[in-house]
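This briefing goes through one protein model by topic, for a reader at the bench. Please keep the sequence and the three-dimensional view at hand while reading.

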Amino acid sequence: MVEIRGIEFQGNTDNDMGLEFYNLSHRFGFQNPNWPYFQDTKIERIHYMAKSGVLSQRITTTMHATTHIDAPAHVVQGTPFIDEVPLPHFFGTGIVVSIPKKKWEPITGEDLEKACGHAIRKGDVLIINTGWHHDYEDGDYFAYCPGLVPSAGEWMVEKGVKVVGHDTQANDHPLATAIGPQRNGPLLPHLEQEYKEWSGGNDWKDDFPEWEPVHNILFKNGILGIENVGGDLDAVTGKRCTFAFFPWNWDRGDGCIIRLVAMIDKSQNFRIDDGANF
C-alpha cells in the first residue's frame, strides 16, 4: 500500500492483483515541452475550493503534446480517425527494445533486426528506447532527436508489428518533418547549416527528400505510432510486457494524449474474466 495525501492506495508494483504497472508516459500539464509550432498547453481553474468548494479545470491543448498516439488520419488523408480504430489496437503484448542513438542518427530496419529480430512476434507492440526520453525538454530534444527512417517502417510492416512507440519526437526523423525542409518548414532554418556541417557537407533536402515517409508507411498499413514515450521506460527495457494505451472516443480525432502503461504478471495468476453471467 502507498499513502498519497493521507489516503491509502494499492501500489503500482504491490497490489492485490499481483501485477506490476509501469508508467511509460511523460507528464502533461503546465509548460509541458512542445513541438516547435504548437501553442503552449493552457489550464484554467473554472471552479476551485475557495470559490465553489469543488475543483474543475478547462484545458486547451493539441492532442500531439507529450506522450500521445497518432491516428492514421493525422497524416494520410482518407484513413481512419482515432475513434474509428478498433480497440484491440490499443492493447496487447510486445517488447521494449534498447537501440541507443545520438543526435540525428537514423533508426533503421537493420538496427531493429539486430536488436529484436529474434524476439519480435506478429501482432506485437514494439516500444523503442533510444535514451532520448532523458532529454525530453523544450530545447534540443525536438530539433536533434534521432528518428525512424523508411527501412524501419518497412521492417515493421514485414514483421507484422501492431503498434510502435518510441522515445523520440515523431514517427519520422525530425528533418523529415516541418522542423526541417518539409511542407510548412523549415521551422528551424538554422538547422540547415548545422546539418551540412554535421553530415560532412550533405544538403538536408537530398538526405530527407520525402514528407514524413515513415508516418505514411506505418499508417497506410494500419500500424499506429506512439510518440514521446518516457516515464519508467528503462525499468522495462529488454522485457516482454503487456501494454494498454486507450485514447478518448473522440469523433474524427487526429490522435490523442495517452497514459501508456506496461504491465508484468510474474506469478501468472491474473486472468481476464471470461464474461460469465452473474
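Which residues of α7 are buried? In this predicted model, the buried residues of α7 are P213, V214, H215, N216, I217, L218 and F219. The points below start from that helix and go on to the sheet, the nonpolar cores, the cysteines and some backbone details.

**Helix α7 and its surroundings**

- Because 7 of its 8 residues are buried, α7 is largely enclosed by the rest of the structure.
- The cover over these buried residues includes the strands β6, β10 (147-148), β11 and β12, together with the helix α4 (150-159).
- Helix α7, which spans residues 213-220, packs on the sheet, where it touches β6 (68-70), β11 (163-166) and β12, and its direction makes about 135 degrees with that of β12.
- Just after α7, the backbone at G222 takes a positive phi of about 75 degrees.

**Helix packing around α4**

- The axes of α4 and α7 cross at roughly 10 degrees and come within 8 Å; an angle under 35 degrees counts as roughly parallel, and therefore α4 is described as roughly parallel to α7.
- In this pairing, P150, G153, E154, M156 and V157 of α4 meet P213, V214, I217 and L218 of α7.
- Helix α4 also packs with α2 (residues 109-116), at an angle of about 50 degrees and with the axes 7 Å apart, which makes α2 oblique to α4.
- On the α2 side of this second pairing the residues are G109, L112, E113 and C116, and they meet S151, A152, W155, M156 and K159 of α4.

**The sheet**

- An open sheet is formed by 9 strands with mixed pairing, and their order is β3-β15-β13-β7-β9-β11-β12-β6-β14.
- At the edges lie β3 (20-23) and β14 (255-257), each of which pairs on one side only.
- On average, neighbouring strands of this sheet are turned by 25 degrees against each other, with direction ignored.
- The edge strand β3 pairs with β15 in the antiparallel sense over 4 bridges, and within this part of the sheet N23 has V261 of β15 as its bridge partner.

**Nonpolar cores**

- In soluble globular proteins, nonpolar side chains tend to be buried together.
- The largest nonpolar core of this model has 23 residues, and those with the most contacts inside it are L24, F243, F245 and L260.
- Two or more residues of this core come from each of β9 (125-129), β12 (224-227), α8 (233-236), β13 (240-244) and β15 (261-264).
- Leaving aside residues up to four places away in sequence, L24 touches T67, V229, G230, G231, D232, L233, V236, F243, L260 and A262.
- A second core, separate from this one, has 21 residues, including I99, C116, L148 and V161.

**Cysteines**

- The count of disulfides in the model comes to 0.
- The cysteine sulfur closest to that of C116 belongs to C241 and is 13 Å away, which is too far for a bond; a disulfide would need the two sulfur atoms within 2.5 Å.
- Seen from the other side, the sulfur of C241 has C116 as its closest cysteine partner, again at 13 Å and therefore too far for a bond.
- C116 counts as buried because its relative accessibility is 1%, and C241 counts as buried because its relative accessibility is 3%; the cut-off for buried is under 20%.

**Backbone details in loops**

- A cis peptide bond, with omega of about 0 degrees, joins G185 and P186, and P186 is placed in the loop between β11 and α5 (191-199).
- W104 is not a glycine, yet its phi is positive, at about 65 degrees; the residue lies in the loop between β7 (91-98) and β8 (106-107).
- With a relative accessibility of 2%, W104 counts as buried.
- E212, likewise a residue other than glycine, has a positive phi near 40 degrees, and E212 is placed in the loop between α6 (204-207) and α7.
- The relative accessible area of E212 is 7%, so this residue is buried.

Notes
Residues are numbered from 1 along each chain as its sequence is written. This is a predicted model: local features need pLDDT of at least 70, side-chain atom pairs count only at pLDDT 80 or more; totals for chains, interfaces and linings use all residues. Side-chain values use heavy atoms; hydrogens and water are left out. A nonpolar core is a set of buried Ala, Val, Leu, Ile, Met, Phe, Trp, Tyr and Cys residues joined through side-chain atoms within 4.5 Å. Buried means under 20% relative accessible area, exposed over 50%, partly exposed in between (1.4 Å probe, protein chains only). Contact means heavy atoms within 4.5 Å. Two strands pair if DSSP finds at least two bridges between them. Axes are lines fitted to C-alpha atoms, for helices over the stretch in contact, and angles run from 0 to 180 degrees between N-to-C directions. Angles under 35 degrees count as roughly parallel, over 145 as roughly antiparallel, 65 to 115 as roughly perpendicular and the rest as oblique.
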